[in-house]
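Here are a few exercises to work through with the model open beside you. Try each task before you read its solution.

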Amino acid sequence: MNIISSNTLTNKQLKDIKSLEALCTTADNISFGLFTEPELNEYPDMPCFFMIYDNENSGLLAFLSMFVPGDDTAEITACTHPEYRQKGFFHALYNKAREIAVEFNILSLLFTNSPTQQTALKVLAKYDAVLENTEYLLKYESLEEDSVSSNTSNSVTNITDNSTEFSKVYRLAPAMPDELSAHTDIFAAAFCYPHEAAKKFIDDILSSGSEIKVFSFTNTSAGKIIGCCFAEINDSQVMPFGICIHPKFQCQKLGQYMVSLLINDYLLQYEKPILLQVNGSNENALHIYKKLGFKIASQVDYYSIDII
């Protein structure tokens, strides 16, 4: 069995990978999201792509990649041609990748998997993989009955018991440039980020080239920004993210109210699917989003294997 290992991909290899990914996506009804951008890796010289070809017709039968974002963990993505599974191809690629990971002092490997992929679960169990985390992709369906009735913030009723009073004090509006420093403070406090890391995160978002909308959630009585949120708009969907309230103002249902305003006053106008990702450990956020009309569209489980 000939395994090709490389830290770059030729145009033909990239084309073959995309074709194999499309084939597996159709067969398994899931999105693999294969990593194919070596310039993002922490170690430029590290072989991170592993391939097995059919020598007879040069078809790509199996592919595995390692993404090392900068710490001591490598994220693994892989797929095998549906007609060539249970032939040891994944195990061969995994063992080769593991050898390389050890050479570069990587301590653990992280795998993503869907609960529907029972074969993959058996493979992970064989390697004593441990479930580390779960992420959900939520899709907005509709708000609960009577929660939103028009496109003005005053129409948001029954979102919380205090919605009417909230509407007199709190306002969500597109952020002004001079408000971004307040966003950095809120983001750092809400997500326990170092201030510089929070600033870089927001700067990177705004310079990404994507269409990003930024919003400030303000206590108008005090003239103080207490929350912020972002939304990426593309041709097929709208994705809110970075939704946060300063810790001093949490546990007052203000986050729930802010999200309801974001949906009703700004996102519904695009007439596109509204999707957001939430960490499974964030049970409070998951509860709020479900109450506001989001439903689970897909689930990704993260499994880790210690190799050193």
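A residue counts as buried under 20% relative accessible area, exposed over 50%, and partly exposed in between, using a 1.4 Å probe and protein chains only. This is a predicted model, so to speak of local features we need pLDDT of at least 70, side-chain atom pairs count only at pLDDT 80 or more, and totals for chains, interfaces and linings use all residues. Residues are numbered from 1 along each chain as its sequence is written, and side-chain values use heavy atoms, with hydrogens and water left out.

**Exercise 1. Get your bearings: how many helices and strands does the protein chain have?**

Step 1: Count DSSP runs, taking helices as H or I with at least four residues and strands as E with at least two, numbered from the N terminus. You should get eight helices and twelve strands.

Step 2: Box the C-alpha atoms along the principal axes, and you have roughly 70 × 40 × 35 Å.

Step 3: Check burial: 44% of the 308 residues are buried.

**Exercise 2. Find which residues touch the most other members of the largest nonpolar core.**

Step 1: Build the cores from buried Ala, Val, Leu, Ile, Met, Phe, Trp, Tyr and Cys residues joined through side-chain atoms within 4.5 Å.

Step 2: The largest core has 43 residues, and F63, M66 and L109 touch the most other members.

Step 3: See where the members come from. Among the elements giving two or more residues are α1 (11-28), β3 (60-67), α2 (89-103) and β12 (294-306).

Step 4: Look for another one: a second, separate core has 34 residues, including Y140, F166, A173 and F294. As background, nonpolar side chains in soluble globular proteins tend to be buried together.

**Exercise 3. Work out what joins D203 to K199, and K200 to D204.**

Step 1: Apply the salt-bridge test, a side-chain nitrogen of Lys or Arg within 4 Å of a carboxyl oxygen of Asp or Glu. The structure holds six of these.

Step 2: D203 and K199 pass at 2.9 Å, N to O, and K200 and D204 pass at 2.8 Å.

Step 3: Now the spacing. D203 and K199 sit four residues apart in helix α6, so about one helical turn separates them; K200 and D204 are likewise four residues apart in helix α6, about one turn.

Step 4: Add exposure. D203 is partly exposed at 36%, and K199 is partly exposed at 36% too. K200 is exposed at 52%, while D204 is partly exposed at 38%.

Step 5: Try one more pair: K213 bridges to E211, with the closest N and O atoms 3.5 Å apart. K213 is partly exposed at 30%, and so is E211 at 41%.

**Exercise 4. What is unusual about phi at C192 and C251?**

Step 1: Recall the background: most residues other than glycine have a negative phi.

Step 2: Read off the angles. C192 has a positive phi of about 55°, and C251 has a positive phi of about 65°, although neither is a glycine.

Step 3: Place them. C192 is in the loop between α5 (180-191) and α6 (195-206); C251 is in the loop between β10 (238-245) and α7 (254-267).

Step 4: Check exposure: C192 is exposed at 69%, and C251 is exposed at 86%.
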